[in-house]
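Me: Please take a close look at a single part of this structure and describe it in one connected account. I should like to know how a chosen strand is placed among its neighbours.

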Amino acid sequence: MSNSILPAENSTAGGRIARWAAIFILVWGIPSLIVWAGILMYQQDWMSQQTQQIFNELDYELDNFVYASSPGPFFKPGLTKLFAELKGLPANHENLEKIISENKSAWPNGLLEIYLFDGQGKIFPTTGARPEHQLFFELINSDFEKGSAISPEQIASVGQFLPGPDVALSNCREQRGKIIELGNPDRFSYCFFDRDKSFSKNMVGGILIFIHRRFITTSEILTQTISRFKGENYGFVNGDGESKLPKVLGDMQPGELLDYFQQFPVNSFELNDHLISLKRFDEYVLLVGAMPKPQKSWPALLVFAILFLISSFYFIKASYRITVKQVKFQHNIRKRLTGLFALCYGLPLLAAGFLTFQYMLEFKHSMLAEIKHNNYRRLAEIDSGFHRFTTGKLMELRAFSKEMQKHAGEPEVLKQKIIDLYQSFDADSVHLIASDSTLIHSTDLLTAEVRRHYQKTRQEKQKILDSWKARQAQLSDLHIQHLFAGPGSDGKAIIPEKTASHNAFEKLFRSTAISAMEFFNKSRGLTVLIPKSGSNLVVDTIIESNTQSLFQSARTNISRFTNIQGMEEIFLAYLDIVCGPRQEAWYAFALMIDLVNYERQYFEKLYSDLRSRSTIMARVFPEEDIRAVSNHQFAANFPSAFEFRNFEPIIKRSSTDFKTFTQQVIIDGKPSIVSVLKAFYLKHYLLIKIQPLSMIEEIYNQRLYLIFVFISIIVLIGAALSRLLSKFFVTPISDIMTGVKALSERNYDHRIPVRSANEFGVLALAFNHSATILKELSISEKIRRNLYPELEFRCGSYLITTANSNTRIILSDFFDYFPLRQGTYAVILAEVSGNDISAAYLTAMLKTSFTLLCPCFPNSPELILEKLNQIFLPYHQKGHLTTCFIGIIDPTNDKMICANAGQSYPICLGCSDSAERSFLSLPSTPLGISEKTRFSKHEVSLANRAMVLYSDGAVNLTDNEGYKIGHERLIEIAAACVNKENRNPSEEIIKRLNEESMSAPWRDDITILTIQNRI
């Protein structure tokens, strides 16, 4: 027996384990996978951001490294500090020699030549001082504004110690306090000079220092520069000398880094758990920046993992005990529904929260990328707008040429017009030349940026001068004079006097104009003799020597702009011809326009347009924070004069020739994102667009607010769904639980409130109906206990067994049996129509009458029926029909005398070898129909015979196909069930009838009573 049960138990256990595994995967495994995937994705995203920030920082510092290692930033701080220490010291040669020697010792031997001068420019007789040094110092500090010039003898004297003295003087002029490149690669590579005329001849008031580049290597410069940075994070690799790697790289060799760089030519990469950025300093040297690779936040992950494992352990333990071991725990449907709803609603909400978090991260990144893109596009639009501006200016000058043509025969009018153009600051220098080489008018080349401030207050002019000095402008007395000069008698700016160097410009413009007029005539087939001068053109030191060819090319660019570029200045030259009656060239006028002039006009118009935008336009296109920053000595910064000071790190970084870049800086005390464009058309400017981080955060927070509102709405909807769940499910279930508890306490008066018409409403109605039925059943049970006998009764050797199946609360069938005094036994089977309380009343009357009449008429069942007939006459008229069968069993003689009043014919079944199967024909009339009804007495032998009494519900029962069971099928069922092995054949007959009808509803009560000899 145990072997047959174990497989089923194993199968059941296996199913429970499979179900537990499915629950674990769905409820815990998949959500855990989602959570851990989200955590890992977040960690990866965080590390990517940190890595990018480190790379940006390395690139930024390497740019500063390059700038700090260039000659100017490298040498200037020390030399400026030296002059500050020496300035004002008395002329004690021993002390001065000692100070100079100490400062030289801090540098490689032979690197510096230091010479000191007093306040009047006289050289102190220190080691190596020569008259040529004093002459060079005097020449670079001379203004050359009053007709003086450098003589060939002076050039030759300076040339005794300095190669290329003319170029050196040209480069050094007006660059006080700066590191000046002399153009020599080995000796006299750079020069530094400064002077303070406020000191007397017995005090140090000037200094001249020559730097010999060959005495210091690039490695030495970079090594000293690294000390100003974080030496542990920055270094260099010199392919032709000593290398010094950052300390964080440990034992890594320079060759290993070079091999990786040559194999993977990228500037930023990851190597040996370090982030490394490289920047080429020259053809041999790579600058190296390195920082440790950001690590994952292992402590936080470990804590979360421990909490996760603990939670997993308890979930596995609880779910295994409940699902596999079937260990019950106290819970109710409310908790189960709440848990299921939390899973069904909470998991998608958790996934949505994770996706929202990822979306916000991506949104922030994409927003920054979009801001950069839009900033660059806007800055490029501003830059290209200057090209359109200069084109418009060219059209204006051509219109001016047409106006000049109208007055070809009036030279004074022509002269006044170009003077007006000059005084309106539309040109920095103007020239008018006749075809006979006569110079009608010519102005000196003094930029309009110096002359245009005549109407400003002295305080404003002083700020402008300070901004020039801060940018190391080459200032002469003429510049300062015209900056602070007031307006002339005509209320306009004073036209500057011509300087000695202006003669070269006059010759240059005269030669260019004559060539242009000759080219103009030839191009029109005119033969007009134009006299030429044989002067040798001398280009002033303001303009490079190759500028002469640019001027000469302007003769073919009539009515067009010609770019003329000096060391720091860019000019647009415009040359045009005024024709005579035969269209021959009579006059030529040339305009020199500093590009800074047009750039100022462009920005003034741009910023004026930005400030004057209407309210509607400002609302459609929000106000932009755009800065135009220039380190040019005279260029105006917008929107404020000292704008360049706010962006010194940006200017340093742009010096490495970045076209565009973006970085985070502090602007006006606020963290901001700045996008920088090194302009292509605006040659002197960096265009900077500023986006405060607060503005970006505001946009981000607005999106975050919308998402928060959206999620809040979802949560509120979830709360509303929870409320609906409570209303539609939990509350009705609670009502049902309360009702069930009331029923268990036999409180049949409790009713469940019907809250809706859905399934729960139907269930409540059914429950209430069931409570009513149960209440009536309690009454019926009392009636049953008082009216009906036990299901089995022994009559000598005969056993009477009964079984009943009722379809109503009150039984319509009645049976009873009890012994009589003569050794006989009375048996009754009756049916009363109806299943209500009145039927129970009639049944009670029937039992009382039967109990009283049977002892009085022990051998006359027909008389008993006649007496009952009289009793039931009134009730038939009220709609009740009663049938009855009465039998008196005599076990001694194996017989039964009986009488029938409309009851179904009994079934007689033979016992042992007898095959008798028959119905006992007892024709009769139900009780109460007529008072004249008479009943017959019958005697039935019980020897070798069993008798089955039944109510008509047994034959009227229908099967699933709707056909009645009938008498023939009933007698077959009875014959199969009545035998001595069945303890209660009546119950077996009821069971078989139930199988026959299957799920078909019974329409009437069924009572089976079997009389069987058990000997």
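Reply:

**Strand 12 and its neighbours**

Strand 12 and strand 13 (residues 585-594) run antiparallel and are joined by nine bridges. The model under discussion is a predicted one. Within this pairing, I577 has A588 of strand 13 as its bridge partner. The two strands form a hairpin with five residues between them, and there Q583 adopts a positive phi near 65°.

Strand 12 also pairs with strand 11 (residues 561-565), again in an antiparallel arrangement, through five bridges. Here I564 finds its bridge partner in F571 of strand 12.

As to exposure, strand 12 (residues 570-579) is mostly covered, since 10 of its 10 residues are buried. The burial applies to both directions in which the residues point: I570, L572, Y574, D576 and V578 point one way, F571, A573, L575, I577 and C579 point the other way, and all are buried. The bridge-forming residues F571 and I577 thus belong to the group that also holds A573, L575 and C579.

For a view of another strand, S805 lies in strand 19 (residues 798-805). S805 is buried, because its relative accessible area is 17%, and buried means under 20%. In sequence, S805 and G953 are 148 residues apart, yet their C-alpha atoms are 9.6 Å apart in space.

A helix pair may be set beside these strands. The axes of helix 26 (residues 966-977) and helix 27 (residues 985-997) come within 9 Å and cross at roughly 135°. The two helices are therefore oblique to each other, and their crossing is right-handed. The residues of their contact comprise eight nonpolar, no polar and four charged.

Conventions
Residues numbered from 1 in each chain as written. Predicted model: local features only at pLDDT ≥ 70, side-chain atom pairs only at ≥ 80, totals over all residues. Heavy atoms only, no water. Axes fitted to C-alpha atoms, helices over the stretch in contact; angles between N-to-C directions. Helix = DSSP H or I, 4+ residues; strand = E, 2+ residues; numbered from the N terminus. Parallel < 35°, antiparallel > 145°, perpendicular 65-115°, else oblique. Left-handed = near helix turned anticlockwise from the far one by under 90°. Nonpolar A, V, L, I, M, F, W, Y, C, P; charged D, E, K, R; others polar. Buried < 20%, exposed > 50% of the residue type's maximum accessible area, 1.4 Å probe, protein only. Pairing = 2+ DSSP bridges.
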